[in-house]
Amino acid sequence: MKFGSALVLLSIAAIGGTLAFTNPDEDDYAMYLSQTVNTEVQVALCDPEGFSNWFGKVGEALSGACQSLLSNGEKLSAEEVQGLIKENTTYKNRILFSTYNTETPFGDYKAIGVFNRFFLEEVQR
């Protein structure tokens, strides 16, 4: 009986340690989400309505500049997209897993990070 109890406790400790060790952080999430939604970000950020909702008249001017850059083949860098995601994400480290809520002009997302993976759900507005 003692051997069985020790084995169960050891197994639980091993699983808990693995979960804690493989719990992805906010940087991992920003990289993952930026790779997943990169095209949507490029289009939505240059949307005049999205810009004006966030920045008013200045946003409309930025939208025009952004559309001009995209038409010339320019794109936001991965670092810029990741920075935008980090600024708009609520990250909670729950030791064994993490939760993420992201609200951006290109979409709202909820995710759970566990075992170095993300389970992403797009939230309808």
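This short talk describes the fold, the core, the surface and a few individual residues of one protein chain.

Good morning. Please keep in mind throughout that we are looking at a predicted model.

I shall begin with the overall architecture. The protein chain contains six helices and four strands. Their order along the sequence is α-α-α-α-α-α-β-β-β-β. The chain has 125 residues, and 30% of them count as buried. If we take the contacts between residues at least 6 apart in sequence, 51% of these join residues at least 24 apart. As for the outside, the accessible surface comes to about 8,300 Å², and carbon and sulfur atoms account for 58% of that area.

Let us now turn to the interior. Which residues make up the largest nonpolar core? This core has 12 residues: Tyr 29, Ala 30, Leu 33, Val 37, Val 81, Leu 84, Ile 85, Tyr 100, Phe 106, Tyr 109, Ala 111 and Phe 118. Two or more of these residues come from each of helix H2, at 26-36, helix H6, at 78-87, and strand S3, at 107-114. There is a general background to such an arrangement: in soluble globular proteins, nonpolar side chains tend to be buried together.

Two members of the core deserve a closer look. Val 37 is located in the loop that links H2 to helix H3, the latter spanning 38-45. Is Val 37 buried or exposed? Its relative accessibility is 2%, so Val 37 counts as buried. Apart from neighbours within four places in sequence, Val 37 is in contact with Phe 106 and Tyr 109. Val 37 also shows how sequence distance and spatial distance can be set side by side: Gly 107 is 70 residues away from Val 37 in sequence, while their C-alpha atoms are 9.1 Å apart in space.

The second member is Phe 118. Leaving out residues up to four places away in sequence, Phe 118 touches Pro 24, Asp 28, Tyr 29, Tyr 32, Tyr 100, Ile 112 and Gly 113. Among these partners, Tyr 29 and Tyr 100 are also part of the core.

I move on to a charged pair. How many salt bridges does the structure hold? It holds one. The partners are the side chains of Asp 27 and Lys 86, at 2.4 Å from N to O. Asp 27 belongs to helix H2 and Lys 86 to helix H6, so the pair ties together parts that are 59 residues apart in sequence. Both H2 and H6 were named a moment ago as contributors to the core. With a relative accessible area of 41%, Asp 27 is partly exposed. Lys 86 is likewise partly exposed, at 34% relative accessibility.

Next, I would draw your attention to Asn 23, which sits in the loop between helix H1, at 2-21, and H2. Buried means under 20% relative accessible area. Asn 23 has 14% relative accessibility and therefore counts as buried. What does the side chain of Asn 23 make a polar contact with? The partner is the side chain of Asn 93, at 2.9 Å. Setting aside residues up to four places away in sequence, Asn 23 touches Asn 93, Ile 95, Leu 96, Phe 97, Ser 98 and Gly 113.

Several of those names return on the surface. Ile 95, Leu 96 and Phe 97, together with Ile 112 and Phe 119, form a nonpolar patch there, with about 460 Å² of accessible area together. Ile 95 lies in the loop between strand S1, at 89-93, and strand S2, at 98-104. Ile 95 counts as exposed because its relative accessibility is 56%.

Finally, we come to the last two strands. Lys 110 is part of strand S3, and with 44% relative accessibility it counts as partly exposed. Lys 110 and Leu 120 are 10 residues apart along the chain, and their C-alpha atoms are separated by 6.0 Å. Beyond four places in sequence, the residues that Lys 110 touches include Tyr 100, Phe 119 and Leu 120.

The loop between S3 and strand S4, at 117-123, contains Phe 115. Asn 116 is found in that loop between S3 and S4 as well. Phi is near 55° for Phe 115, a positive value in a residue other than glycine. For Asn 116, phi is near 60°, again positive in a residue other than glycine. Phe 115 is partly exposed at 45% relative accessibility, whereas Asn 116, at 51%, counts as exposed.

Thank you for your attention.

Note on methods. Residues are numbered from 1 along each chain as its sequence is written. This is a predicted model: local features need pLDDT of at least 70, side-chain atom pairs count only at pLDDT 80 or more; totals for chains, interfaces and linings use all residues. Side-chain values use heavy atoms; hydrogens and water are left out. A nonpolar core is a set of buried Ala, Val, Leu, Ile, Met, Phe, Trp, Tyr and Cys residues joined through side-chain atoms within 4.5 Å. Buried means under 20% relative accessible area, exposed over 50%, partly exposed in between (1.4 Å probe, protein chains only). Contact means heavy atoms within 4.5 Å. A polar contact is a pair of N or O atoms within 3.5 Å; within protein, one must be able to donate a hydrogen and the other to accept it, and residues adjacent in sequence count only if both atoms are side-chain atoms. Patches are made of residues with over 30% relative accessible area and no salt bridge: like charges are joined within 9 Å, nonpolar side chains (Val, Leu, Ile, Met, Phe, Trp, Tyr) within 5 Å. Accessible areas come from the Shrake-Rupley method with a 1.4 Å probe; for residues, only the protein chains shown count as cover. A salt bridge is a side-chain nitrogen of Lys or Arg within 4 Å of a carboxyl oxygen of Asp or Glu.
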